Amino acid sequence: MALAHTKTRAPRPRAGLLLPRPALLADVQRALDAHRVLLICAPAGYGKTSLLTQALADAGADTAIAWVALDEGDDLGRLLDCLFAAFEPYDPPWRTAPEGLRDAALRGGTEIVTVADAMLNALEACEVEHGLIVLDDAHHLVDPAALQFLDRWLARMGERWRLVLAARHEPALRLARLRAAGELADLGPVELALARGEVEQLAQAAGLDETAAAGLYERCQGWPAGLRLALGAGQQRLPAAIDRATFDYLAAEVLDRLEPGLRGFLLRTSVLHELDAERCQALGEDAHAAGWLADMERLSLFVTVVDLAPHTLRLHQLLRDMLQQRLRQEQPEVYRQQLERAAMLETDAVRRQSLLLAAGRPERAAELLLADGALLMNQLGAQGLLDLTRRFDPAFAESSPELHRVKALALWVLWEAQQAEWHQSRAEALFDARGDQAGLLAARGHRSILLIAQGRLQEAEALLRDLDPFALSGELRRVTLLGRTWHAMESCRFDAVAPLFDALVTELLNTTTLESWYICSPSPRQISCVGMSPVADRWYRGAMQVLGNRSLPFGVNAHTSQAWNLFWQGRLAESRQMLAHAEADAAWLGRIVIARNQGQALHAMFDLIAGRHDEALALMRLRLAEHVPGYGAWGAWHATFAMSRMAAAIGNLEALAEGLECLVRIGADLPDLVMPHRPRPLLGLQAQLAALQGRRDEAIAAWRGLLADGEGGDLLGQLAEARLRLAALLLEGGDRGGAAEALAPALARREPGGLLWAVPKLLQMAAEDWGDLLDPVDLARLRGWADAVRPATRVVVEAAAVSGDDRLSQREAEVIAQIAAGASNKHIARALDLSPHTVKRHVANILDKLGLNSRGEAAAWWNQRQMATRPGTLA
């Protein structure tokens, strides 16, 4: 799916306009010179778009023009999409990806103001002398969020840019303040209406005498659309007055006198938003489509040229409405068929859905919305996808399982697990009532995952019991394997996680569907399970192949997952680099909740290892404070457990006791089935609390009890940590043999894992002389881990200043050199074989690293550096 490119393409000026109007054009130019905002407000048919087309044709080459044609139903998300596309030719130096800005704005509230300011800052930094932003048909903007955004723009827009609003009625913006401050100019029906002399001039050119010309003016009262039709209809057919109510009558008279082939073509293609030969032929027209389009333009049939390659026309809305009404009356079945065919040709999701709803096919619109849900999620964001579901009739929406599944998808991305599960439950029941077995199983599989996310394991197990992944195929097999993987983890069957996830990765490698990979991103808890390291590596390699060079939220989550995987393997320097990569992508793409949550925890682990204990606990507390309510008590329990583990690791008795009390309190509200599993991980915290309080025997007993429980207590690598702490305590008491026996199983793994919760103990055990109590291979592995993590225990402060060249990567240096040479983002993308999106990201990195504001400043910085380093040049 894509935004229709004609929404951001200014109409083309052409010969045959009603009348050159130099005085009116001069009024427009004076208004733009003296005011920041121009409002052209008049009913349909007053030539607003034609006037702007002429005005833009006269604009100088140094004026940047961003045109947006608004449609009914366009909201803030659509407005932003159009603006980003319209600004693209001028390479705004975005510091956050447009997609990230869009998602932030759709969260509403103060985020709208933040995004509006960020966009204005980027526009001010564009390398253009003057800029003109045109919002045509601005009366379609009724979305409160879009109006709030524009109000902020109107208040803060800089001097180099002007905003033009063309509308049939005044938008609900705060324009009175701008008028009072002399910052807004108005052109209305009085100014746009044709003067008596202009009407007489046109009438005489059409062969009418002065009396007829005077009568024509009285009838149309200067309304340009009425005048054009009157000249075409003939004097004998003119009513006493020409207004909007008689437009359809006159247009029908003109239509009926057209050649039958052209008349039928106009009627049948009126369902299209824009007309070009290829699209008309795909709608069912014959090879003469290009000829009919040429005739339409030649006869000046209320059309606007919006593109030349291919030759594309747009019908004036007045004429389009009349044609559709005539087609609906004369051939109702053909009208419905044409709407549905047009929908299948449409690449714009909002337009496609509107066409299908107008055709009376809401069920087909819902099916396509579900089929394209993941794609539209990436394009429109969760709020944008939810908005599309709200455009259906409420009664139909309630009865549509497809729409319930779409809502569940969007709500799950927003971490509203409870609401999402409710909609999947409704979808399941509705598919069952319909007798749709495939839909029923799909809803059931997705619902099982949402139940697990809430800790409702018994209900999820009942659903998964009836879903044998190896008797299924495609998406349903993948979803079922994911559900079983999550269920094993949340049921504390940690040893079963890696084999199940390995089977899932095998299935994933057979698909390149982004959604399938996205929902399977492994969490830190999952990666800490026994045997997960090579499986997570395999998943990450496949994820990178699917992602390619695209900068998407999925990439942030994938890099964050791999950072945790490298951490548990003890490859701490690589883990830091991977986390930095993920966070740089997140800064570009905007707020990504789950990545921030997992990144905070990993930073806390690095702080723990480096001895920055206060910082580590503060990060875990912040992570808990930012817990998403929609994740429920289950998520709060896990966030509290991680915070308590950190308190135990740094020896903060007060925080540990507080955490244990909170865990018991939250656990009391969790489902009954879960409770037998939850106390096991708490044994490790209770053991550390006893050890910190000097209750040595109780600590040893608790740790041994945890180890006796086996895999049930291995949450976030707790068994390895328990073995390490138990060994240290036994060694302290002189029981060297018992210490070696306790420690040995933790050394049989290929990575340190949970030992990293107690790095001082790890280093202590590695320095001990174990004699023949430990296997030499295990002892070598232990000392290798100690050598690998030892550098991370030192806090190194780099005092030396870093030169600008060193701050830029090799690729960034190549990009800034291209900028200095005057290349646009598109030219840079072609020269360096990058995507335009990647180039934008590099430009943002360059400006951030060098503390610059614009591409021009970056070019000057590069040229100055080159001059300073050129042989024989004085610095």
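These legends accompany close-up views of salt bridges in a predicted model.

**View 1. Glu183 and Arg36 form a salt bridge.** The closest N and O atoms of Glu183 and Arg36 are 2.8 Å apart. Glu183 sits in the loop between helix 7 (176-180) and strand 5 (184-187), and Arg36 in the loop between helix 1 (22-34) and strand 1 (37-41), so the contact ties together parts that are 147 residues apart in sequence. Have a look at the surroundings too: Glu183 is partly exposed, at a relative accessible area of 29%, whereas Arg36 is buried, at 7%.

**View 2. Asp91 pairs with Arg855 in a salt bridge.** Here the closest N and O atoms are 3.7 Å apart. This pair links distant parts of the chain, 764 residues apart: Asp91 belongs to the loop between helix 3 (76-87) and helix 4 (98-106), and Arg855 to helix 47 (residues 855-869). Both Asp91 and Arg855 are buried.

**View 3. A salt bridge joins the side chains of Arg645 and Glu721.** The N to O distance is 2.8 Å. Since Arg645 is in helix 35 (residues 632-650) and Glu721 in helix 39 (residues 718-732), the pair ties together parts that are 76 residues apart in sequence. Arg645 and Glu721 are each buried.

**View 4. Salt bridges link several residues in a network.** Follow the acidic members Asp71, Asp74, Glu274, Asp276 and Asp348 and the basic members Lys7, Arg78, Arg279, Arg314 and Arg351 through this network. For the wider setting, the count for the model comes to 62 salt bridges.

Definitions and conventions. Residues are numbered from 1 along each chain as its sequence is written. This is a predicted model: local features need pLDDT of at least 70, side-chain atom pairs count only at pLDDT 80 or more; totals for chains, interfaces and linings use all residues. Side-chain values use heavy atoms; hydrogens and water are left out. A salt bridge is a side-chain nitrogen of Lys or Arg within 4 Å of a carboxyl oxygen of Asp or Glu. Helices (H or I, at least four residues) and strands (E, at least two) are DSSP runs, numbered from the N terminus. Buried means under 20% relative accessible area, exposed over 50%, partly exposed in between (1.4 Å probe, protein chains only).
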